[in-house]
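Welcome! Let's take a friendly walk through this protein, with its sequence and structure side by side.

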Amino acid sequence: MSLSSDTIVGVIGAGAMGSGIAQVAAAAGHRVVLADARTGATEAARANLGLTLEKLVEKGKLDRNDADRLIGRVDYQWEPLRTDFSAYARCGLVIEAIVEDLDAKQDLLRRLEAVVARDTVLATNTSSLPVASLASACAVPERVVGLHFFNPAPILPLVEVVPWLGGDPIVASSSYALMREWKKTPVLASDSPGFIVNRVARPFYGEAIRLLEEGVADIATIDWAMTEYGKFRMGPFELMDFIGNDVNFAVTRSVFTSMFYDPRYKPSLTQARMVDAGFLGRKTGRGYYDYRAGAVRPAAKKDPAVGLLIFERILAMLINEAVDAVLMRVASPEDIDLAMTKGVNYPKGLLAWANEIGPARVLGWLERLQQEYGEDRYRASPLLRRMVRDEQRFFA
Ligand code: NAI
């Protein structure tokens, strides 16, 4: 198989991700086929893309002719996609971005395989399902690969390329090369729970909630500490409200169960109750913060001693997770740092941050936490201990 600018790219699912991925592929010069099972979904996707491009033209960032050509390259299927997959027969690459459900995705891949050429690459944008379990539904499983984009796909450059156990290495390498051609930042991630970003970022949320639960500080103060001392663009609670507490909780639960209940990823009751209450964040007008008209934002209590304690505790957990991901070969150190800066806009790569602070200091923070709590949650990665012992740094 070969993926080139002539490859016709199929995208299935015209929701948030699929419509964004279709835009990225069309912007890179591909002809694109986009369909959805829901009536009206492709119409909405086309209208949205039209508005997005119009804004870019108005701002002088895109030439009108280029915008027209871009949208003209997308072949929107107006008929809901149910049983007739023939529009995808010409595609050399098909990326599925449908609902996150194993049965639905397996069923879709089976139907798709019946129409596409034998060497068509089948990619999944799944966030939480093992690529292996999707490939296992296929007659030619070697051609399946994970291509995990971030939301919004046209803006966030990161794509986690996820080969699976039985995947053809050429499928992964040509998908990786194609993502480069699309001006994306591809990283290679193992077919493991949460891949890189959704695994390494867990403590940003989990440890922040734990600090809240213990009464160390309130949400506004924790958010302030992370933006003030860590220079994160958003604090953990603001970010969870933005992502949606239901979505964030689902990712946490999925990583926890897929990791066979490793206590490091344990979800919190606080987050469960937020979801139970329907306090999902911005989209429901209420989350950790109140977004309803007239609501007043609580003020942070800007005590530097508390702020630094919060920042150091969350950062130590994040660095530990990144170091452990290196140990467990989830990805290379370079790709782990790229993933966190390009996929979730961290101000620095966590491993570069560890170098800056010094692995011994990070280990000290973790050991104090583990001593105090006696919980496995705070156990330091064996690689962090080894680095301290051998006086090593990352990227040296
Ligand atoms: P969404 O709900 O916005 O869109 C999914 C679309 O798929 C809907 O329009 C739905 O009608 C359609 N669909 C469902 N079943 C279908 C089927 N059998 N055939 C054709 N179309 C079907 O969901 P979203 O957020 O775009 O997520 C899609 C995928 O991308 C999921 O696997 C999700 O885990 C993954 N993902 C989501 C991210 C996010 O931040 N929203 C980030 C990265 C990956």
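Which helices and strands each supply at least two residues of the shell around the ligand? In this predicted model, they are α1 (16-27), α4 (102-113) and β6 (144-149). Of these elements, α1 provides the largest share of the shell, three residues.

**Around the ligand**

In total, the ligand is surrounded by 25 residues. If you would like a place to begin looking, try Gly13, Gly15, Met17, Arg38 and Asn151, which are the closest. By character, the shell holds 14 nonpolar residues, together with eight polar and three charged ones.

**Two domains and where they touch**

Zooming out, you can follow the protein chain through domain 1 (9-188) and domain 2 (199-389). Their centres, taken over C-alpha atoms, are separated by 31 Å. Where the two domains meet, ten residues of domain 1 are in contact with eight residues of domain 2. On the domain 1 side, β7 (158-162) and β8 (185-188) each contribute at least two of the touching residues. The most comes from β8, with three residues. This side of domain 1 is made up of six nonpolar residues, three polar ones and one charged one.

Here are the two sets of residues, sorted by character:

| Set of residues | Nonpolar | Polar | Charged |
|---|---|---|---|
| Shell around the ligand | 14 residues | eight residues | three residues |
| Side of domain 1 that touches domain 2 | six residues | three residues | one residue |

**The sheet**

Next, look for the strands. Eight of them form an open sheet, and reading across you meet β3, β2, β1, β4, β5, β6, β7 and β8, in that order, with mixed pairing. At the edges are β3 (74-76) and β8, each of which pairs on one side only. From one strand to the next, the twist averages 25°.

To see one pairing in detail, how many bridges join strand β2 to β3? There are three, and these strands, β2 (residues 32-35) and β3, run parallel. As one example, Val32 has Val74 in β3 as its bridge partner.

A helix also packs on this sheet: α6 (residues 169-181) touches β5 (121-124), β6, β7 and β8. The direction of α6 makes about 170° with that of β7.

**Linking the parts**

Some strands of the sheet turn up again elsewhere on our walk. Strand β6 supplies at least two residues of the shell around the ligand, while β8, an edge strand, gives the most to the side of domain 1 that touches domain 2.

Key
Residues numbered from 1 in each chain as written. Predicted model: local features only at pLDDT ≥ 70, side-chain atom pairs only at ≥ 80, totals over all residues. Near = placed C-beta within 6 Å. Helix = DSSP H or I, 4+ residues; strand = E, 2+ residues; numbered from the N terminus. Nonpolar A, V, L, I, M, F, W, Y, C, P; charged D, E, K, R; others polar. Domains from an automatic or database assignment. Contact = placed C-beta atoms within 7 Å. Pairing = 2+ DSSP bridges. Axes fitted to C-alpha atoms, helices over the stretch in contact; angles between N-to-C directions.
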